[in-house]
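Student: I'm new to this structure and would like a close look at one part of it. Could you choose a starting place and walk me through it in one go?

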Amino acid sequence: MISGVFSVRMWGPVGFLTSLAYCVHQRRAAQAEPRSADGQHPVDRSRLELKMVQVVFRHGARSPLKPLPQEEQAEWNLQLLEVPPQTQFDYTITNLAGGPKPHSPFDSQYHETKLKGGMFAGQLTNVGMQQMFALGKRLRKNYVEDIPFLSPTFNPLEVFVRSTNIYRNLESTRCLLAGLFQYQKEGPIIIHADEASSEVLYPNYQNCWSLRERIRGRRQAASLQPGISEDLQKVKEGMGITSNDGVDFLSLFDNMAAEQVHSLPSCPTLKRFAWMIEQRAVDTALYVMQREDRESLQMAVGPFLHILENNLLKAVDPATPPGKTRKLYLYAAHDVTLMPLLITLGIFDHKWPPFAVDLTMELYQHRESKEWFVQLYYRGEEQVPKGCPDRLCPLDKFLNTISVYTLSPEKYHTLCSQVQVMELGNGE
């Protein structure tokens, strides 16, 4: 085990000035305000000021990533690719440093799989575009109409946008921004994307050698686990699938979810076992991920948590220069990103993250005491992260929760190469 990688940081109220204000407030409040039953001071929400919002979202509905080996296939007609006019919004893609758009190996791989009807695998559909536009409209209602937090027009000084470099995510982001800002912008919309080799908005098995070694063979092994194995055989027999060609609950659920959201005729067996297929897909993913293995979760989403954490710390640090933070951070990610994120936050509901789902993190400051708080939402519903006394979580407690899994780039590199170094040391 690498020294220091797994140490848990304990966060006090952040920043010297914030700490000083916090202590003064505590002394005054102890005399003037009654304590709640759990010893915590009640927080008057009307005295809170919204300072920053971070939104991590999954792309909208798409075609399946891989068709199932059966004669009757759903028809993925090219009409599903027609772009709804209200979702149009021009944007430019750059790398993280503002340079040219990185190459994406994934889209060319998806184009190698053509589905019945003419669509390629993994393509965002107009159903998915509408979903993302609707999410953008909800964010507009929350942060433009209900609370005058964001400008009603896109302003690059207020909003930072990052997406994985996959076309369905880039286009999903476009649709969200169209709904959020209603086609109005004060400057160019830049969507930042990283190289596939160094992307951290999803578990990067190609970049993280140790993580790849840990999950090697787990997906196949998951299908052999008691309960999962019997249920998988039952579904495959009902569908007339007799071959052993990699069909597992992940591929079954991927096809089922895509067909359902597009109201396409689906295999009767998939409909009959819909609930069980989703639960077994989650079981399979958790087996592959090893949710009790903190190191695996660190390598899966630790660098992304580090980004979210840094945004919080910069926002609360009085020394941060003006213009170095944004009011809104948008991150276009995937289901394989959201599931481990939800686990690390202690709010995973054992359901597969659906298309166009969002995890939203709000940062508030109390106007008098200057204390900082985090409010978390998943699918638009308030959540209580583990380690937090209430839905409105003191920032120091929230930082303590995520610090268990957060990895700086340096620690990420060290941990990802750890197994390799150990084996080299053993002469293997």
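Tutor: Let's start at S263, which is found in the loop between α8 (249-261) and α9 (268-272). Helices here are DSSP runs of H or I with at least four residues, strands are DSSP runs of E with at least two, and both are numbered from the N terminus. Before going on, a word on what you're looking at: this is a predicted model, numbered from 1 along each chain as its sequence is written. Local features need pLDDT of at least 70 and side-chain atom pairs count only at pLDDT 80 or more, while totals for chains, interfaces and linings use all residues, and side-chain values use heavy atoms, with hydrogens and water left out.

Back to the loop. S263 has a positive phi of about 55 degrees although it is not a glycine. Most residues other than glycine have a negative phi. At 66% relative accessibility, S263 counts as exposed; that word means over 50% relative accessible area, buried means under 20%, and partly exposed lies in between, with a 1.4 Å probe and protein chains only. H350 also breaks the habit: its phi is positive, about 65 degrees, and it is not a glycine. You'll find H350 in the loop between α12 (335-345) and β6, and its 26% relative accessibility makes it partly exposed.

Now for the part I'd like you to look at most closely, helix α11 (residues 294-316). If it were straight, its 23 residues would span 33 Å at 1.5 Å a residue, yet its end C-alpha atoms are only 28 Å apart. That expected span is 1.5 Å times one less than the number of residues. Look at V301: α11 bends there by about 60 degrees, and a proline, P303, follows within four residues. The bend is the angle between two axes, one fitted to the seven residues ending at that point and one to the seven starting there. The helix is also mostly covered, with 19 of its 23 residues buried.

For contrast, try helix α3 (residues 126-145). Its 20 residues should span 28 Å, and the end C-alpha atoms are 26 Å apart, which agrees. Its buried residues include M129, F133, L135 and Y143. Among the elements covering them are β1 (48-58), α4 (167-181) and β5 (328-333).

Next, look at how α11 begins. D293 lies in the loop between α10 (274-289) and α11, and at 17% relative accessibility it counts as buried. A side-chain oxygen of D293 comes within 3.2 Å of the backbone nitrogen of E295 at the start of the helix. The side chain of D293 also makes a polar contact with the side chain of S296, at 2.7 Å. A polar contact is a pair of N or O atoms within 3.5 Å; within protein, one must be able to donate a hydrogen and the other to accept it, and residues adjacent in sequence count only if both atoms are side-chain atoms. Leaving out residues up to four places away in sequence, D293 touches R214 and R218, where contact means heavy atoms within 4.5 Å.

R214 sits in α5 (209-215), and just ahead of that helix comes a cysteine worth finding. C208 and C416 form a disulfide, their sulfur atoms 2.0 Å apart; the cut-off for a disulfide is a pair of cysteine sulfur atoms within 2.5 Å. C208 lies in the loop between β4 (190-192) and α5, and C416 in helix α14 (residues 409-416), so the bond ties together parts that are 208 residues apart in sequence. The torsion about this S-S bond is about -95 degrees, so the disulfide is left-handed. C208 is buried, at 0%, and C416 is buried too, at 5%.

The structure holds 2 disulfides. C388 is joined to C393, S to S 2.1 Å, with a torsion of about -70 degrees, so this disulfide is left-handed as well. Both ends are buried: C388 at 11% and C393 at 1%. Counting bonded cysteines along the chain, the pattern is 1-4, 2-3.

Finally, step back to the whole chain. It has 15 helices and 9 strands, and 54% of its 428 residues count as buried. Of the contacts between residues at least 6 apart in sequence, 78% join residues at least 24 apart.
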